[in-house]
Amino acid sequence: MNSKERVSTAMDHREPDRVPVMCQLSLGHYFLHAGGGAVEIWHDTAAFGDALLAMRRRYGFDGILVNLPGRDPRWRGQIASMEQRGRDTLVHWANGAVTTAPPDDNPHVRAAGGEIRDIFFCPHHPDQACTCRKPRPGLIWAARERHAIDLSRAVMVGDSPKDIAAARAAGVRLTVLVRTGNGAEAEKALSGRLDRPDHVAADLFAAVDWIIAHDPLCAP
Ligand SMILES: [Zn+2]
């Protein structure tokens, strides 16, 4: 029985010769070992398919698990220029956005001068009583330490009551709840409460509009 027969037999609820091995690897692993390069594999459906097949040949597993986000088939035509900066490849797009593609990790996009500067997460279980799991303020304080953020001038945008509570506990000046993600549930939970957010916005874009219009610190 070859791999294809093994997988289709199992998917038909019949018994294959052995348990089929399915494998999904991190994209950074494809970039490093499949050939083709991060920018191609990330944006191009055919290059992504080739990378999956290369991984199957390399490790000999039976089936490939794919979660394939939508890709614009005309992506190549939208590139204004590419440059190498250190180990990263930068793609400058015609619309002004920039994709930074490290050789071994997911590319990320920077648009219109905005930038995700850092990511903080709590690695603990809820019963470990750490100081960083929201609604405790530890993650926000970690961001304050690392990037010298003045929380008395900061705005927190979140989609859960815990986001709002963590911001209040940390001393963030303004809180905005968005209705996207968990936000619709959160809005119900927080309505009428004293710890409700300063504003509820339809989405992140609307939140930014509100902040610019209502925050005196944003006055030109
Ligand atoms: Zn934690």
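These are my notebook entries on a predicted model of one protein chain.

**Entry 1: the whole chain**

I began with the overall picture. I counted eight helices and nine strands in the secondary structure of the protein chain. Next I looked up the extent: along the principal axes, the C-alpha atoms fill a box of roughly 65 × 45 × 30 Å. I then checked the radius of gyration, which is 23 Å for this chain, while a compact globule of 220 residues would come out near 17 Å.

How much of the chain is buried? I found that 18% of the 220 residues count as buried. I also looked at contacts with a separation of 6 or more, and 39% of them are made by residues 24 or more positions apart.

**Entry 2: helix H6 and its surroundings**

I turned to helix H6, which covers residues 161-170. Which of its residues are buried? My list reads Pro-161, Asp-163, Ile-164, Ala-166, Ala-167 and Ala-170.

I wanted to know what covers them. The cover includes two helices, H5 (138-147) and H7 (183-190), together with two strands, E7 (155-158) and E8 (174-178). Just after H6 I came to Gly-171, and I noted its positive phi, near 95°.

**Entry 3: a cis peptide bond**

Where is there a cis peptide bond? I found one joining Lys-134 and Pro-135, with omega at about 15°. I placed Pro-135 in the loop that runs between strand E6 (108-110) and H5. Helix H5 is familiar from my previous entry, as it is part of what covers the buried residues of H6.

**Entry 4: positive phi at His-13**

I went back towards the start of the chain for His-13. This residue is not a glycine, yet I read a positive phi of about 65°. His-13 sits in the loop between helix H1 (3-11) and strand E1 (22-23).

Is His-13 buried or exposed? I put it down as exposed, because it has 6 C-beta neighbours inside 10 Å, and 12 or fewer is the cut-off for that label.

**Entry 5: positive phi at Ala-148**

My last stop was Ala-148, another residue other than glycine with a positive phi, here near 50°. I found Ala-148 in the loop between H5 and E7. Both of those elements are among the ones that cover the buried residues of H6.

Why does Ala-148 count as exposed? I counted 7 C-beta neighbours inside 10 Å, so Ala-148 gets the exposed label.

Definitions and conventions
Residues are numbered from 1 along each chain as its sequence is written. This is a predicted model: local features need pLDDT of at least 70, side-chain atom pairs count only at pLDDT 80 or more; totals for chains, interfaces and linings use all residues. A residue is buried if 20 or more other C-beta atoms lie within 10 Å of its own, exposed if 12 or fewer, and partly exposed in between; C-beta atoms are placed from the backbone. Helices (H or I, at least four residues) and strands (E, at least two) are DSSP runs, numbered from the N terminus. Two residues are in contact if their C-beta atoms, placed from the backbone, lie within 7 Å. The radius of gyration is taken over C-alpha atoms; the globule rule is 2.2 Å times the number of residues to the power 0.38.
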